[in-house]
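I opened this one to see how its parts fit together. Here are my notes, in the order I looked things up.

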Amino acid sequence: MAEVVTSKKSCSVSPLKMSQPIGGALAFMGLHGCMPVLHGSQGCTAFGLVLFVRHFREMIPLQTTAMNEVTTILGGMENIEQALLNIAQRAKPQVVGICSTGLTETKGEDIVGYLKLIRQRRPELADLPVVYVSTPDFKGAFQDGWGKTIAQIVEELVVPATTRNEDQINLLAGSHLTPGDLEEIRQIVESFGFRPILLPDLSGSLDGHIPEDFTPTTLGGTRLEEIRAMGSSRATIALGEQMRGAALALEMKCGVPHMLVDRLMGLRSVDRFFRLLAELSGRPVPQIYRRQRSQLVDAMLDSHFFLGGVKVAIGAEPDLLQNVGHWLAELGCKLEAAVSTTESIVFSDLPVERVRIGDLEDLEREALGCQLLLTHSHGRQMAARLQIPFYRIGLPIFDRLGAAHQLLVGYRGSRNFLFDVANLLIAAREEEEEYHRLPERRSHAEEARACQCQGEERSAG
């Protein structure tokens with residue numbers, strides 16, 4: 001069992017984590033026709049908007065209530081009312097999602113009461129679904145905001161049903177899953193004859209496609225009618241520990257039983273997922289995935305010479321840290337340093353001596369002597385100082401293309417990750433050998449070639 005240590009520094013240096021409102025806003029972006037709103041100052045929304053644009057390289061729908069000094073003191077009800085009126089008239093969304101920020105949470109505003117009064121005063125907003133989530137950014141982290149938002153969506157929008165659709169499965173997706181991951185998971189579940197409802201579905205809204213027409217809201221994702229129909233599903237599969245609360249809320253509200261799949265990287269974890277789907281459907285695992293499993297096993301055989309005993313440092317949100325950490329340990333790596341953003345039960349069985357809740361400065365100190373670093377793009381300077389290979393995971397990844405299509409889950413994703421990491425280590429080893437080669441140790445052929453070049457230069461002179 002890993003010991004969890006919380007950093008006691010006076011300030012964060014090179015932060016690893018992102019705030020709850022950002023996590024909540026991204027979760028809302030997985031709904032079709034949704035307009036996420038941050039109830040706070042314009043600066044809070046601007047920073048989040050820049051972060052998402054740099055990562056996904058797409059148009060990001062994100063609005064603000066534009067609180068200022070006066071409204072912060074007197075209350076922001078008028079700001080919320082005006083924001084909802086403008087959004088309803090101009091964007092015509094199917095859903096509006098409101099996340100609080102540290103500014104309004106410190107004030108202690110009664111947003112639920114505000115929304116009731118606004119609906120009474122403005123009948124044109126009576127039928128507009130509005131989901132409010134309390135996401136103070138002075139506590140918790142990105143993953144917490146995401147999980148709370150999905151749980152609140154379930155509470156507000158899912159409708160209990162008296163009958164069950166035996167072919168319908170709910171999939172509650174954690175924030176550690178990319179649009180590429182969700183696309184793979186959907187295909188796997190559909191291959192067993194199920195019709196999955198993904199909540200949220202970033203693979204429909206932020207997968208990097210070109211829309212036929214401009215829309216000011218999200219241009220894909222889980223539809224409102226699908227969310228309402230989740231109460232009639234046969235079962236719910238929670239993908240990640242952070243989704244446990246939402247799955248329990250759905251079960252308590254609608255009676256839909258849930259199962260937790262905390263990991264989808266690595267041979268054992270993916271085997272368990274396929275076994276679960278086979279038991280639910282009564283069907284055998286399709287041949288294509290048997291083939292992919294065989295390819296993953298072969299890849300493990302090919303790469304174990306390069307991965308065995310490699311010391312690794314990881315900085316990531318808890319569920320992503322759990323998935324990547326266990327898979328690397330399964331491949332023979334040694335997890336030397338682990339830094340995360342918030343408390344989680346998943347740390348209890350993580351194969352590492354200590355998990356620190358801290359920042360990238362903490363990770364750099366603990367990564368001394370490691371041979372591989374994994375974190376988001378803000379770790380690139382650290383990797384350069386430590387002079388070790390750097391693999392980008394999580395959010396944001398702004399200095400490489402294709403972050404939204406990164407595939408890490410399933411047999412294919414696990415194999416791709418394995419090859420990418422092994423190739424990084426091979427390239428680093430080759431560069432180190434080239435750097436340390438001394439002139440007197442060059443081969444006779446190289447010396448002959450050097451002499452020939454020198455002779456040609458003299459002749460030309």
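I began with a strand pair: strand 4 (residues 95-100) and strand 5 run parallel, joined over four bridges. Keep in mind that I am reading a predicted model. Within this pairing I looked up Ile98 and found it opposite Tyr132 in strand 5.

Next I traced the whole sheet. It is open, has four strands in the order 3-2-4-5, and its pairing is parallel. Which strands stand at the edges? They are strand 3 (63-64) and strand 5 (130-133); each has a single partner strand, so one side of each has no neighbour in the sheet.

Then I checked what packs on the sheet. Helix 6 (residues 111-121) touches strand 2, strand 4 and strand 5, and its direction makes about 160° with that of strand 5. Helix 1 lies across strand 2 (34-39), strand 4 and strand 5, running at about 170° to strand 4.

Helix 1 also led me to a helix pair. Helix 1 (residues 20-28) packs with helix 7 (residues 142-157) at an angle of about 45°, their axes 6 Å apart. The two helices are therefore oblique to each other, and I noted their crossing as right-handed.

Who makes this contact? From helix 1 I listed Gln20, Ile22, Gly23, Gly24, Leu26, Ala27 and Phe28. From helix 7 I listed Phe142, Asp144, Gly145, Trp146, Lys148, Thr149, Ile150 and Ile153. Sorted by class, the contact of helix 1 with helix 7 has eight nonpolar, five polar and two charged residues.

Notes
Residues numbered from 1 in each chain as written. Predicted model: local features only at pLDDT ≥ 70, side-chain atom pairs only at ≥ 80, totals over all residues. Heavy atoms only, no water. Axes fitted to C-alpha atoms, helices over the stretch in contact; angles between N-to-C directions. Parallel < 35°, antiparallel > 145°, perpendicular 65-115°, else oblique. Left-handed = near helix turned anticlockwise from the far one by under 90°. Contact = heavy atoms within 4.5 Å. Nonpolar A, V, L, I, M, F, W, Y, C, P; charged D, E, K, R; others polar. Pairing = 2+ DSSP bridges.
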